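User: I'm new to this structure and would like a close look at a single part of it, the strands that pair up around the middle of the chain. Could you walk me through how they fit together, and then show me what surrounds them?

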Amino acid sequence: MERSVDSGFIKRATEVVVSRLDQEGFSGNELAGSLGLSREQTHRKIKQYTTLSSGKFIRSIRLLKACVFLMEGKYSISEISYKLGFDTPSYFNKCFREELGTSPGELKRKGQIDQLKDKELFSFYQLPEIKEVLQSKGIRFEVTPIKKSVEGPQWLATISHKKIWLILGVPILLIFSSMWYLNQKKSRGVVDLGNNFRIAVLPFSNQTGDSSMGQVGDIASSWISGQIADLEGAQSVPYFTVKQYQSYIGILPEDPNERPTFYELVGARYFISGYYFLKGQKIYFDTHLVDAHSQEPTYDLPIIEGPRDSIMEVIEELRLKIAGLITNLEEVKLGKLKPPNYEAYQFYIKGLSELSVGFYPSDALKYFEKASELEPDFVMPKIFLTWFYPERKRDSVLQSIEAISTITDYERRVYLELYYTYTRNYPEALKVSLRSLKDYPQDYYFNMEAAHTAKSQFYPYLAIDILSQIHDPLNSNVGLLWHYFKVWNYTESLNMLGRYEETLAYLESIPKQFYNPSLPGLFIKVYVKLDKSKEDVEALIHRFAQSNQVLEAEYNTAAAYEFGLKDQKNISIFFAKKAVAGFQSLPEKKGEVFDLVDALYLSGDLNTAKDYVRQNLTVDPDNQDLLIYLAHLDAALGKEKEAFENFNKMEDNLIVWRRHEYEYQSDYLKARLYALLGKKQESMKLLNKAMEKGQLKHFYDFDRDIFLKFLFDYHPFQQMVKPREYTDITDSL
């Protein structure tokens, strides 16, 4: 049977390695040859069962045998290294330290391994088929189980009726309880499974009253168990192994009859258990995640139901929910979210990955929409949908989030932060983020939102403090999204305080593999701030553009903008003209209308820019963005009447203008026109009005806005954009 194929393979592989431990050149190739398989087949099978490569599999067994030799104390370290096929004693010492964090000599002197049992090597040793072979060959280590005062091996009969206090209890109490439990676990010498996240899926109990449906539980167990193996960082105990040792379920540590526990036999950290029942024409699955060692329930999954004549579809839905739980177990245990449908979660992750490559790519929107479609109660993809949608559609999404009855405390906080942001109550949005960081200190969402809002509201010190405390999330593609926002907000906050040398040092410290689309602009900005020469900036642009015409034109525009802000007119015009030439040389379909208008404006060729905007308005006469730009160009040309005539053609009070991803209200846009016309007092009056009404999320934009440049030396404006202290916010939390 099936058991002899899978179980037999790993046993044979272990036996072969043990029999050839002294052969120095024995490697994955030789192991594959001994098993009659290709190297690729052998590697795949071993990795599926242990997560290790063939070479690491062989080395792990050698090191386990080395531990036995060292504790026996019969041989020198040199003798042991040669007995176990290591090239040299120094290489043996290196491998030993890498795996066990101590030297062979230290273990030999102590003669016991209690302090090493939390290492990954001993998690490997606990895998049942491997452990069985190794113990039969004299590679044996005793495991001291946790002492438990609670009796009750009959828990399986009643678990389905329990309600998990984890969900109803106080999160802080849970965290401290978990920390206490883990400390007790370590102090008593129990083997920690480390990265070996093994899960056993027990056959579901048939409570339908129909004996003909008895095989449904086995089918569900086998199917779900096989699919778990595909999850990153997780392993399932093979179904045949679960069936073999199923009778040991309910045996607790320190059994009076000295029987081993299911946990010890299969090396699983958790197991899935549950039952199924019928009600009318529907079948229901009630499922639980259980700690395999303590046999205490960890999480109750929501009951999955479906037509009894579509059982496999119901089982697949259950499988996706279990996969979502396993993938997000830590966040589920902290109460941050409820287990999402795994398929929906995968689309959500893809959407986050897309966001890491720049602002609002269309593929990200599609992925978030797909995730929300697959699971309407999955809050987080809906949160990111609001980044894309205009006001009316966005409000509809917010209402749908508010109506979700299963929303967690964490998700509700995210919703509140968004609600306050979109209703332009930025101080309250910031407070929600700061309060949330007290409960979720390393949460990327609230760290980034808190820092972004703090910076935008002229609190750069607060933004820097927040971002300095969060770890760089560079361990995945999704992590690059948060790194994108961290780099952007951190460097802009430093720039607000004039700490340009520190900004440059930080940017240069970022490894090239973690570069993101915001970096070229940030480098250009700080180069200009540090008075780098035109040639230095040109070299920087060539370095980042790498002969890409579109990027080179965009970076030349960015350089023109930065030099223009600094009032270095000649250099600004130099880069602007290069940008104009670059955009004009591109095929029409590749050039964005506003890119060329920006470059023309910065080059000082306002009439050509105006003609180009008018030309595009004949094609799209209702384009609000083009009307706004035309009004700005008229104002820059000193044509006040024409500027306000075009401005008054705009229909909406809230306008998504292309220079920003958030709505600009008319007060702010009109303030720009007055600034361009040289009317500073009128401009300041409108800017103050915009700030008082919370019309803009990004107050920081004021002193980065080329259209407000005529206000930069105006004292009231300088006071407005002056960095603020943040004690008034943090004291009120």
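Analyst: Let's start with a pair of residues that face each other: Leu 289 in S5 has Tyr 299 in S6 as its bridge partner. That is one spot in a pairing of 3 bridges, with S5 and strand S6 (residues 297-300) running antiparallel. The two strands make a hairpin with 5 residues between them, and Gln 295 in that turn takes a positive phi of about 60 degrees. Keep in mind that this is a predicted model, so everything here is computed from predicted coordinates.

S5 itself is a good place to stay for a while. This strand covers residues 282-291, and 9 of its 10 residues are buried. What else does S5 pair with? On the S4 side, 10 bridges join S5 to strand S4 (residues 270-279), and the two run antiparallel. You can find one of the facing pairs by looking for Tyr 270, which stands opposite Asp 291 in S5. S4 and S5 also form a hairpin, this one with 2 residues between the strands, and Gly 280 in the turn has a positive phi of about 65 degrees.

S5 has an antiparallel pairing with strand S7 (residues 304-307) too, over 4 bridges. Here the pair to look for is Ile 283 in S5 with Gly 306 in S7.

Now follow S4 to its other pairing. S4 pairs with S1 in the parallel sense, over 3 bridges, and Ala 200 in S1 stands opposite Phe 271 in S4. S1 is strand 198-201, and its side chains split two ways: Arg 198 and Ala 200 point to one side, Ile 199 and Val 201 to the other, with all of them buried. S1 has a parallel pairing with strand S3 (residues 235-236) as well, joined by 2 bridges. In that pairing, Ile 199 is matched with Ser 236 of S3.

So much for the strands; what about the core? In the largest nonpolar core, which has 164 residues, Phe 285, Phe 384 and Leu 687 touch the most other members. Apart from that core lies another one of 41 residues, including Phe 26, Phe 69, Leu 84 and Leu 100. As a rule, in soluble globular proteins nonpolar side chains tend to be buried together.

Take Phe 384 next. Leaving out residues up to four places away in sequence, Phe 384 touches Tyr 348, Leu 352, Leu 355, Phe 368, Tyr 445 and Trp 482. Tyr 348, from that list, sits in helix H18 (residues 342-355). Is Tyr 348 buried or exposed? Tyr 348 counts as buried, because its relative accessible area is 10% and the cut-off for buried is under 20%. Beyond its sequence neighbours up to four places away, Tyr 348 touches Phe 368, Ala 371, Phe 378, Met 380, Pro 381 and Phe 384. Tyr 348 and Ser 372 are 24 residues apart in sequence, yet their C-alpha atoms are 8.5 Å apart in space.

Helix H20 (379-385) is also among the elements that cover the buried residues of H22, along with helix H21 (391-402), helix H23 (426-439) and helix H24 (444-456). Among those buried residues of H22 are Tyr 410, Val 414, Leu 418 and Tyr 422. The length of H22 (residues 409-422) checks out: at 1.5 Å a residue its 14 residues should span 20 Å, and its end C-alpha atoms are 20 Å apart, which agrees. Just after H22, Arg 424 takes a positive phi of about 65 degrees.

Polar residues get buried here as well. Asn 646, in helix H35 (residues 640-647), is buried at 8% relative accessibility. Its side chain makes a polar contact of 2.8 Å with the side chain of Asp 634, and Asn 646 also touches Leu 627, Leu 630 and Ala 631. Glu 562, in helix H30 (residues 549-565), is buried with a relative accessible area of 8%. Outside its neighbours within four places in sequence, Glu 562 is in contact with Ile 524, Lys 525, Val 528 and Arg 704.

Note on methods. Residues numbered from 1 in each chain as written. Predicted model: local features only at pLDDT ≥ 70, side-chain atom pairs only at ≥ 80, totals over all residues. Heavy atoms only, no water. Buried < 20%, exposed > 50% of the residue type's maximum accessible area, 1.4 Å probe, protein only. Polar contact = N/O pair within 3.5 Å; in protein donor to acceptor, adjacent residues only side chain to side chain. Contact = heavy atoms within 4.5 Å. Expected span 1.5 Å × (residues − 1). Core = buried A, V, L, I, M, F, W, Y, C linked by side-chain atoms within 4.5 Å. Pairing = 2+ DSSP bridges.
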